[in-house]
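Welcome! Take a look at the structure below, then work through the exercises at your own pace.

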Amino acid sequence: GLYDQRDEHFYKITTINGREWMAQNLNYSYPGQSFCYDNKEENCETYGKLYTVNALFDAICPEGYHIPDDSDWRNLIGSRGEYYGDKGKCLKSKREWPADSAGSDCLGFDALPSGFWGQHFSEDYDFYELRHYAEFWSSSTLVIYLTIRDEVGFGGTGVQNARAVRCINDIATEPPPKVLGTCTQAIEDSVGLFGGTYYICKSNSWVNATEIEYDTYRHECSLFGQIIHGNVKTDYIYFCDGEKWMRFYGNENLSYGKIEDVRDGQVYPTIEIDNQVWMAKNLNFDTTGAVCYENRETNCEKYGRLYSADLAKKICPAGWHLPDETEFRQLLENVENSFENLKSIEWGGDDLYGFAALPAGWSDAGLFSTSFFSTGWWLNSSETCEMCPLLGNRTSDWLFTSFDYKSGFSVRCVKDEE
């Protein structure tokens with residue numbers, strides 16, 4: 001364990017990927033810049049203290065330890081984090097989380113849902129999310145979060161908030177290269193596993209491999225439309241866009257075309273449904289005013305961006321357009337008026353025609369829908385979309401309804417008629 005001589009606190013430690021971490025949140029008092037959740041001492045005893053950014057400028061960790069920087073966190077989590085990933089469950093404690101979302105703590109990190117102090121969406125500054133959410137400081141730019149849905153990843157700074165602190169030993173005990181061998185030009189792009197984390201050899205150094213890099217390792221993407229299952233996550237499907245692999249949520253038994261958005265180089269699979277050609281994925285073109293669900297880039301990568309009505313009407317790439325109500329009702333007729341046929345298999349639908357709808361959620365005045373239980377698409381209509389489609393979890397959760405033109409909903413483009 002680790003003994004902090006300053007206040008005689010004793011902390012558990014754990015070694016992960018060759019680095020020694022505190023296995024408990026820091027509980028050192030820093031006057032005026034550290035708090036107990038709800039200002040209750042018993043919460044500090046369980047969850048440790050929450051610290052403001054000002055506390056990071058001083059040596060608040062015990063001697064020989066420091067606040068981890070972005071690279072330390074990436075070494076622990078992976079280069080980009082994992083959405084609904086096993087790593088989240090492994091980092092989470094078996095206790096204090098709700099019973100149906102407790103972690104396995106397979107890495108000994110024992111992350112507790114310590115909540116945070118700050119603004120929750122547009123609400124007042126206060127304490128939020130105890131027993132449902134955890135945030136940890138990095139000494140560089142990122143914030144690390146864990147949720148009840150086993151999400152783990154990186155967010156924005158939000159410097160006004162107070163968060164938990166985990167400290168890491170100044171010295172690496174067993175760096176990955178010593179275990180994986182020397183990374184040289186001869187084994188460029190090779191992937192190795194160490195301590196539950198995948199690494200890839202890049203430019204003579206071992207770095208954390210992204211999920212796609214380790215899950216598609218040794219599979220060459222050379223032909224558009226190739227589909228494979230992941231090496232590690234065998235239920236994940238990957239689609240070759242002709243140059244690189246991308247996560248795929250469509251029906252692997254169908255044939256897809258593609259559209260490359262020349263504005264940003266993003267490639268979208270397309271699907272022909274009767275006499276219409278649709279993007280088989282929500283638009284993800286970044287422009288001023290477009291947002292990611294919960295302001296997390298990983299959500300944009302999977303679900304696309306959320307747009308206002310004004311943006312939606314002019315955001316599709318050349319040769320494509322925002323559908324009107326007639327075109328969307330034609331789509332419904334083409335899929336046998338079955339909403340389950342529109343839903344992706346991942347969402348519990350049948351996706352018989354390859355439209356692959358995902359529960360992207362929506363935004364309104366800076367707030368976001370409760371969770372990923374629904375999705376809505378803008379149609380080309382008046383300022384207030386009186387008859388826009390909204391799809392929910394259950395078969396009965398479907399309607400054409402009114403959207404406020406300032407709200408954020410998804411965009412699914414349809415190809416112009418030739």
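## Exercise 1: Confidence

In this predicted model, residues 79-84 have pLDDT under 50 throughout, and the model gives them 32 contacts beyond four places in sequence. Find out how the chain as a whole scores, and decide how to read this stretch.

Solution. Begin with the whole protein chain: its mean pLDDT is 85, and 89% of its residues reach 70 or more. Next, recall that predicted coordinates should not be read in detail where pLDDT is low. Keep that in mind when viewing the 32 contacts of residues 79-84.

## Exercise 2: Two sides of a helix

Work out which residues of helix α8 are buried and which are exposed on the other side.

Solution. Step one: α8 covers residues 325-334, and its buried residues are E327, F328, L331, L332 and N334. Step two: viewed down the axis of α8, these fall within an arc of 165°, so they line one face of the helix. Step three: T326 and E333 are exposed on the other side of α8.

Now check the ends. At the start of α8, a side-chain oxygen of D324 comes to within 3.2 Å of the backbone nitrogen of T326. After α8 comes E336, with a positive phi near 65°.

## Exercise 3: A sheet of three strands

Determine the strand order of the open sheet that contains β18, and find the bridge partner of I237 in β19.

Solution. The order is β17-β18-β19, with antiparallel pairing. β17 (227-229) and β19 (245-248) are the edge strands, each with a single partner, so one side of each lacks a neighbour in the sheet. On average, neighbouring strands of this sheet are turned by 35° against each other, direction ignored. Finally, four bridges join β18 (residues 237-240) to β19, and I237 has F248 as its bridge partner in β19.

Methods
Residues are numbered from 1 along each chain as its sequence is written. This is a predicted model: local features need pLDDT of at least 70, side-chain atom pairs count only at pLDDT 80 or more; totals for chains, interfaces and linings use all residues. Side-chain values use heavy atoms; hydrogens and water are left out. Buried means under 20% relative accessible area, exposed over 50%, partly exposed in between (1.4 Å probe, protein chains only). The arc is that of the directions from the helix axis to the C-beta atoms. A polar contact is a pair of N or O atoms within 3.5 Å; within protein, one must be able to donate a hydrogen and the other to accept it, and residues adjacent in sequence count only if both atoms are side-chain atoms. pLDDT is the predictor's confidence in each residue, from 0 to 100. Contact means heavy atoms within 4.5 Å. Two strands pair if DSSP finds at least two bridges between them. Axes are lines fitted to C-alpha atoms, for helices over the stretch in contact, and angles run from 0 to 180 degrees between N-to-C directions.
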